[in-house]
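This report introduces one structure to a reader who has not seen it before. It goes from one helix to the core and then to the loops.

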Amino acid sequence: MNLKQSDTEFYNIMENFINEVSNKSELLSNKQKELIKIVSLITQQSKELLLYEIENALSLELTPIEIKEAIYQCAPYSGFPRTIDAINIVNKVFEKNNIHLPLEKQSTVTKQTIFEKGLTAQTTIFGEAMREIANGENTPNPAYYLITNCFGDYYTRNGLDLKTREMLTLCILINLGTESQIKSHINGNVNMGNNKAFIQEMIYQCLPYCGYPRTLNALNCLNEVLQ
């Protein structure tokens, strides 16, 4: 017996609210909304809802590569365990829909280029001050790993553009409730061309998955950064 059958009233509350939140957003495309749903469910470690949402994403004509890249983008923020759980769920849906695995490779870096390409992605989003930190005499380990792994391994991939990846990153952080990083990536989204109204709608799209406390905290962060 599934949730709709066993807890019909709760299921209807959930579905009605998710649809209401989604329908009230006028600035985000259906594809953007769907990608936000996917990364939110991954960050919240939801298996059953993620299974349903991947089927829905395919029906909305998101490509398998776009779906996989959204999942991969979660790894540097949610960690490998949650991301691998999501990959396994998605692979089952893909196999059911006769989508051949593995998908076409999307990496654009090598061991020789990963630092410079990662740094280029980072400075594109956060400005040239990042380059000054990276080029210091002793680059701190966190800065090095951010450049090579977080930005080099993920932001440089094909399949999703840089602006979309930064949008999804902020949504992942909203779901995690990490306020310091939320503020940083609000600035990153502004630098990529997303204004306050757009970011506010992004935050609301996360509400059904992260709940009111984290949503209100994210809205407070937005108002602090963009007064």
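## Helix H12 and its surroundings

In this predicted model, the buried residues of helix H12 pack against helices H6 (75-78), H8 (114-126), H10 (141-155), H11 (162-176), H13 (196-210) and H14 (212-225). Those buried residues are Ile 182, His 185, Ile 186, Gly 188 and Asn 189. Viewed down the axis of H12, they fall within an arc of 165 degrees, so they line one face of the helix.

H12 covers residues 179-191, which makes 13 residues. From first C-alpha to last, H12 reaches 18 Å, close to the 18 Å expected at 1.5 Å a residue. After H12 comes Gly 193, with a positive phi near 105 degrees.

## The nonpolar core

The largest nonpolar core has 55 residues, and of these Ile 67 and Met 202 touch the most other members. Apart from neighbours within four places in sequence, Ile 67 is in contact with Ile 38, Ile 54, Ala 57, Leu 58, Leu 62, Val 90 and Phe 94. In soluble globular proteins, nonpolar side chains tend to be buried together.

## Loops

Two residues other than glycine are listed here with their positive phi values.

| Residue | Phi | Loop | Relative accessible area |
|---|---|---|---|
| Gln 45 | near 60 degrees | between H3 (30-43) and H4 (48-59) | 51%, exposed |
| Asn 98 | about 60 degrees | between H7 and H8 | 73%, exposed |

Pro 102 also lies in the loop between H7 (80-96) and H8. The peptide bond from Leu 101 to Pro 102 is cis, with omega near 0 degrees.

Notes: Residues are numbered from 1 along each chain as its sequence is written. This is a predicted model: local features need pLDDT of at least 70, side-chain atom pairs count only at pLDDT 80 or more; totals for chains, interfaces and linings use all residues. Side-chain values use heavy atoms; hydrogens and water are left out. A nonpolar core is a set of buried Ala, Val, Leu, Ile, Met, Phe, Trp, Tyr and Cys residues joined through side-chain atoms within 4.5 Å. Buried means under 20% relative accessible area, exposed over 50%, partly exposed in between (1.4 Å probe, protein chains only). Contact means heavy atoms within 4.5 Å. Helices (H or I, at least four residues) and strands (E, at least two) are DSSP runs, numbered from the N terminus. The expected span of a helix is 1.5 Å times one less than its number of residues. The arc is that of the directions from the helix axis to the C-beta atoms.
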